[in-house]
Amino acid sequence: MTQDEAFKVLMMGKNVFLTGAAGSGKTYILNRYIQWLRERGIEPAVTASTGIAATHIGGQTIHAWSGIGIKDELSPYDLDRIEQNEKLVKRFQRTHVLIIDEVSMLSANTLTMVNQSIQAGLQTYEPFGGMQVILCGDFFQLPPVTRGREEVQYAFQSKTWNELSLHTCYLTDQYRQNDTDLLALLNAIREGNVTRPLRALVEKRIGHTVPQDIPHLYTHNVNVDELNTKRLEALSTPSRIFLMKGKGSKKRVEILKKGLLVPEKLTLKVGAVVMFVKNHPQGLYVNGTLGTVTGFTQNPLVKTHSGETIETEPASWQIEDGEKVLAEVTQIPLRLAWAVTVHKSQGLTLDAAYIDLTKTFVGGQGYVALSRVKTFTGLYLEGINDWAYARHPAVAEANERFLAHSTRTQLRLQKTPVERIREVSKEFIFRVGGHDPDPTKPTKKLTVKENISTYEKTKRLLIEGASLDTIAKKREFTPETILSHIEKMLEKGSITKSHLEHVRDCSRLSDAKFASIARAFAKEKTWNLTPVRTTLKNKYSFDELRFARLFLRPWGKE
């Protein structure tokens with residue numbers, strides 16, 4: 001399902017499970033929908049399963065919002081207390097849209113308790129009191145935390161999940177990974193079919209010389225703390241200390257602090273490798289941008305990997321309830337980035353990373369770590385164990401259902417006239433007390449980059465008439481990767497050979513070479529490259545054969 005299709009389902013007020021692989025744009029769609037609601041006078045409750053995830057979308061934990069805290073179950077006394085909690089009841093009464101992000105880390109029991117709390121507060125048996133509920137996340141990523149040897153119970157295994165009658169929107173486009181081999185590996189982990197050749201590709205990333213100043217990802221905190229402390233102490237430059245400031249109720253400030261990637265006491269030196277842990281309102285940096293401290297004014301000066309120097313001013317994180325700020329902390333939005341845990345890396349996009357998966361101990365850890373980088377060449381491995389390729393059997397089974405549900409949702413949507421979608425959307429907004437957007441107020445632009453897939457970016461340059469080498473240079477990829485993009489788009493039918501005429505004209509493959517390769521393909525009666533290369537006595541590279549094959553073989557519906 002495309003992002004636009006998922007957005008239409010949300011607009012119609014349906015209960016939605018928004019899912020998709022890492023990098024498919026789930027958070028982008030949530031932010032887009034939150035903005036759309038606010039323009040119509042609807043303030044959604046924005047929550048997440050963990051504090052870190054909540055900071056990524058500017059919300060609070062679902063535990064704090066729902067009043068369940070850290071309880072394992074709600075007793076009759078707890079439910080009675082919720083009924084008598086005027087503040088909590090008013091919060092539920094004014095909430096018409098509830099968003100819960102990173103639902104993979106929410107246990108079945110916790111989802112049930114959230115529902116019980118809302119039902120008790122509103123004194124109703126209707127699931128979640130009739131709110132529009134949006135659950136977002138990918139169950140192939142990190143699972144709920146369990147105690148001891150307790151069996152994992154995912155949110156989708158709860159009775160509450162079924163009571164919501166969720167419309168599954170499974171996003172299928174990819175906006176993070178640009179490498180077809182890496183995408184193949186990540187998809188294979190999801191499918192439980194990591195072949196020997198794919199494992200060999202992974203193992204080739206072990207033992208490479210690790211570039212300086214790229215983040216290290218570990219599965220255990222002890223390794224992270226050890227490396228960051230060691231690297232900082234090794235710098236001979238003077239220290240500068242930045243202390244976090246907080247305001248609001250002490251309890252909520254402490255909750256907020258625990259959920260942040262930024263430390264309460266931030267010690268920096270010139271030469272320290274750092275990572276931004278928040279999106280800048282004007283897009284100067286994003287959560288995950290890497291750089292090096294080059295100096296200080298009142299604030300740190302950070303030179304990013306793109307070469308830009310940014311004076312990093314303090315940023316704030318808030319717990320909000322509607323328009324009311326319940327707690328706020330302010331700190332320089334940086335953390336030492338020589339190392340970070342896999343758990344805290346969920347939600348980040350990294351250009352390159354050194355990853356140690358030798359001590360992976362739970363399904364989803366390997367997938368999360370490997371999906372942080374954009375390409376195989378950006379992956380530097382210490383080692384990897386079999387757990388890194390693991391997925392939970394219950395997740396694998398549920399995923400098949402989610403895909404089927406999403407297909408049905410998509411087909412129903414495609415049969416619904418555009419005018420009817422608009423009518424249902426308007427009815428929903430008015431039903432929950434909203435209004436038409438104010439035409440005098442300009443629509444705010446999301447503070448994220450244009451969210452188009454890597455194939456679409458290559459396609460745009462093709463249509464503009466760029467050569468293969470030019471596209472590779474502009475996109476900062478190898479020509480081989482661009483060839484893979486073109487092959488994939490030809491297979492899907494999103495482009496045809498007519499889009500490639502200028503590429504053929506400005507290629508370095510002469511007519512004589514092209515004719516020779518064409519005869520070899522015809523002789524072998526196969527589109528596989530190895531037998532054709534053998535016939536040609538290895539005179540041509542695999543890339544030359546792939547290039548010629550673009551124009552020789554039938555693609556898509558040809």
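Below are a few worked exercises on helices, sheets and one lysine in this predicted model.

**Exercise 1: two helices**

Work out how α18 and α19 are oriented against each other, and which residues make the contact.

*Solution.*
- Step 1: Two packed helices are described by the angle between their axes and the distance between the axes.
- Step 2: Get those two numbers. Helix α18 covers residues 468–475 and helix α19 covers 479–492; they pack at about 105°, with axes 9 Å apart.
- Step 3: Classify the angle. The range from 65 to 115 degrees counts as roughly perpendicular, so α18 is roughly perpendicular to α19.
- Step 4: List who touches whom. From α18 come L468, D469, I471, A472 and R475, while α19 brings P479, I482, L483, H485 and I486.
- Step 5: Sort that set by character. The contact splits into seven nonpolar residues, one polar and two charged.

**Exercise 2: the five-stranded sheet**

Find the strand order of the five-stranded open sheet, then say which strands stand at its edges.

*Solution.*
- Step 1: Walk across the sheet. The order reads β14-β13-β12-β11-β17, and the pairing is antiparallel.
- Step 2: Look at the ends. β14 (309–311) and β17 (334–336) each have a single partner strand, so one side of each lacks a neighbour in the sheet.
- Step 3: Check the twist. On average, neighbouring strands here are turned by 40° against each other, ignoring direction.
- Step 4: Zoom in on one pair. β12 (residues 290–296) and β13 (residues 300–304) run antiparallel to each other, with five bridges between them. As a register check, T292 sits opposite K303 in β13.

**Exercise 3: the four-stranded sheet**

Do the same for the open sheet of four strands, and find a helix that lies across two of its strands.

*Solution.*
- Step 1: The order is β18-β7-β19-β20, this time with parallel pairing.
- Step 2: At the edges you'll find β18 (339–341) and β20 (379–384); each has one partner strand, so each has a side without a neighbour in the sheet.
- Step 3: From one strand to the next, the twist averages 20°.
- Step 4: For a pair inside the order, take β7 (residues 216–218) and β19 (residues 353–357), which pair in parallel over two bridges. L217 stands opposite I355 in β19.
- Step 5: Now add the helix. α11 (residues 221–234) lies across β7 and β18, at about 165° to β18.

**Exercise 4: a lysine**

Decide whether K457 is buried, exposed or partly exposed, and place it relative to I471.

*Solution.*
- Step 1: Locate K457: it belongs to helix α17 (residues 454–463).
- Step 2: Its relative accessibility is 32%, so K457 is partly exposed.
- Step 3: K457 and I471 are 14 residues apart in sequence, with 9.4 Å between their C-alpha atoms. I471 is also one of the α18 residues in the contact with α19.

Technical notes: Residues are numbered from 1 along each chain as its sequence is written. This is a predicted model: local features need pLDDT of at least 70, side-chain atom pairs count only at pLDDT 80 or more; totals for chains, interfaces and linings use all residues. Side-chain values use heavy atoms; hydrogens and water are left out. Axes are lines fitted to C-alpha atoms, for helices over the stretch in contact, and angles run from 0 to 180 degrees between N-to-C directions. Angles under 35 degrees count as roughly parallel, over 145 as roughly antiparallel, 65 to 115 as roughly perpendicular and the rest as oblique. Contact means heavy atoms within 4.5 Å. Ala, Val, Leu, Ile, Met, Phe, Trp, Tyr, Cys and Pro count as nonpolar, Asp, Glu, Lys and Arg as charged, and the others, Gly among them, as polar. Two strands pair if DSSP finds at least two bridges between them. Buried means under 20% relative accessible area, exposed over 50%, partly exposed in between (1.4 Å probe, protein chains only).
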